[in-house]
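Here are my notes for you on this one. Have a look at the model first, then take the points in order.

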Amino acid sequence: MLGEGSFGAVFAGHRKDDHLPVAIKRIREFLYTTVDLDGEVTDLPTEVALLLYLNQAGAGTSAVVGLLDWYNLDNELILVLERPVPCMDLYDYLGSIQSSIQEDMGRIITKQLVEGLQEVQSGEVFHRDIKMENILIETGSDVPRVWIIDFGSGEFLTEERYTENEGTQLYTTPEYIRRGWSTPEATTVWQLGAVLFEMLHDGVTPFHNPHDIINAVPDIRDTLSYNCQDFIARCMDKSPEARPTLETLKHHPWLV
């Protein structure tokens, strides 16, 4: 077993034909969506549909872990996914080094994350739950490769405002708490900022409750470079209209 949650569980496995390492995700409760796939309109489990769209969009170079196979057993959904080896999620990676990630390594991971999140957005998908546990770090080379996983809270980009919060509470945006709605890119950028903060602050989250999310300013370490502090602060601006886009972040001085 690789992980377990309210949705079900994820197991490590191998494909029999060629011993390819895979992750087998068993999901107990899931929603359906209607999609046009290769000219055919069909109902699919939402997570399957999102991954199929993203796999088509980024074939071969994707930052999204690919869907290899799936089985709908009515009372259970089974997804067979790529499993990079060796790898661990960002939360466990931080625990393995027993300290904050150094700023230079944080920059490498963040640059890949920004590009990966742009890929997801260009595939017309809203992940909705970017957090440490949903980012895989492939650790087999000098430069870790970043993968984005778990689209169980995601949906297609079909509207400007989303009135349901399907993500993790501590990553909720201030605008959702205040107004009851949020927009996709501003939410993604806020969650990216929270992940970066955790990476560079020993795994401590920038906020601890909804009141802090609305009112508190994240206590960014002054030992970080000015550009790094600025990057985090811009991502976590309380006003969604003032937050930069992913494209703007891609050209931020800290990443260039």
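**Notes on cavities, pocket, sheets and rings**

1. Let's start inside. Leu117, Val120, Gln121, Val125, Phe126, His127, Ile130, Leu157, Pro184, Glu185 and Thr188 make up the lining of the second largest cavity. Helix H3, strand E9 (125-126) and helix H5 (184-199) are the elements that each give two or more residues to this lining. Bear in mind as you read that the model is a predicted one.

2. How big is that second largest cavity, and what sort of residues surround it? Its volume is about 80 Å³. Sorted by class, the lining of the second largest cavity has seven nonpolar residues, three polar ones and one charged.

3. Now for the other one, since the count of cavities of 30 Å³ or more comes to two. The largest cavity holds about 110 Å³ of space. It has 15 lining residues, and Arg128, Asn165, Ser182, Thr187 and Gln191 are the closest to its centre. Here the classes come out as four nonpolar, eight polar and three charged. Try setting those numbers beside the seven nonpolar, three polar and one charged of the second largest cavity.

4. Next, the largest pocket, with a volume of about 1300 Å³. Which residues lie nearest its centre? They are Phe7, Lys25, Glu47, Asn134 and Asp150, out of 48 that line the pocket. Several elements give two or more residues to this lining: strand E1 (3-5), strand E3 (21-27), strand E4 (32-37), helix H1 (46-57), strand E7 (77-82) and E8. By class, you'll find 23 nonpolar, nine polar and 16 charged residues around the largest pocket.

5. On to the sheets. One of them is open and has five strands, in the order E1-E2-E3-E7-E6, with antiparallel pairing. Why do E1 and strand E6 (67-72) each have one side without a neighbour in the sheet? They stand at the edges and have a single partner strand each, so there is nothing of the sheet on the other side. From one strand to the next, the twist averages 20 degrees.

6. If you'd like to trace one pairing in that sheet, go for E1 and strand E2 (residues 8-14), which are antiparallel and share three bridges. Gly5 is a handy place to look: its bridge partner in E2 is Gly8.

7. There is also an open sheet of three strands, ordered E8-E10-E11 and again paired antiparallel. Strand E8 (87-89) and strand E11 (145-148) are its edge strands, each pairing on one side only. In this sheet the twist from one strand to the next averages 30 degrees. E8 runs antiparallel to strand E10 (residues 135-138), and three bridges join the two. To find one of the contacts between these strands, go to Met88, whose bridge partner in E10 is Ile137.

8. What packs on this three-stranded sheet? Helix H3 (residues 103-122) does, touching E10 and E11, and its direction makes about 35 degrees with that of E11. You've met H3 already, as one of the elements lining the second largest cavity.

9. Last, the rings. A pair of aromatic rings is described by two things, the distance of the centres and the angle of the planes. There are five aromatic pairs in the structure. In one of them, Tyr53 and Phe156 sit edge-to-face, 4.9 Å centre to centre and with 70 degrees between the planes. This pair links distant parts of the chain, with Tyr53 in helix H1 and Phe156 in strand E12 (residues 155-156), 103 residues apart.

Terms used
Residues are numbered from 1 along each chain as its sequence is written. This is a predicted model: local features need pLDDT of at least 70, side-chain atom pairs count only at pLDDT 80 or more; totals for chains, interfaces and linings use all residues. Side-chain values use heavy atoms; hydrogens and water are left out. Two strands pair if DSSP finds at least two bridges between them. Helices (H or I, at least four residues) and strands (E, at least two) are DSSP runs, numbered from the N terminus. Axes are lines fitted to C-alpha atoms, for helices over the stretch in contact, and angles run from 0 to 180 degrees between N-to-C directions. Contact means heavy atoms within 4.5 Å. On a 1 Å grid over the protein atoms alone, a cavity is a set of points where a 1.4 Å probe fits but cannot get out, and a pocket is an open set with protein on both sides within 12 Å along at least five of seven lines; lining residues have an atom within 4 Å of a point. Grid points are joined across faces, edges and corners, and a volume is the space filled by probe spheres set on the points. Ala, Val, Leu, Ile, Met, Phe, Trp, Tyr, Cys and Pro count as nonpolar, Asp, Glu, Lys and Arg as charged, and the others, Gly among them, as polar. Rings of Phe, Tyr and Trp (its six-membered ring) pair if their centres lie within 6.5 Å; planes under 30 degrees apart count as stacked, over 60 as edge-to-face and the rest as tilted.
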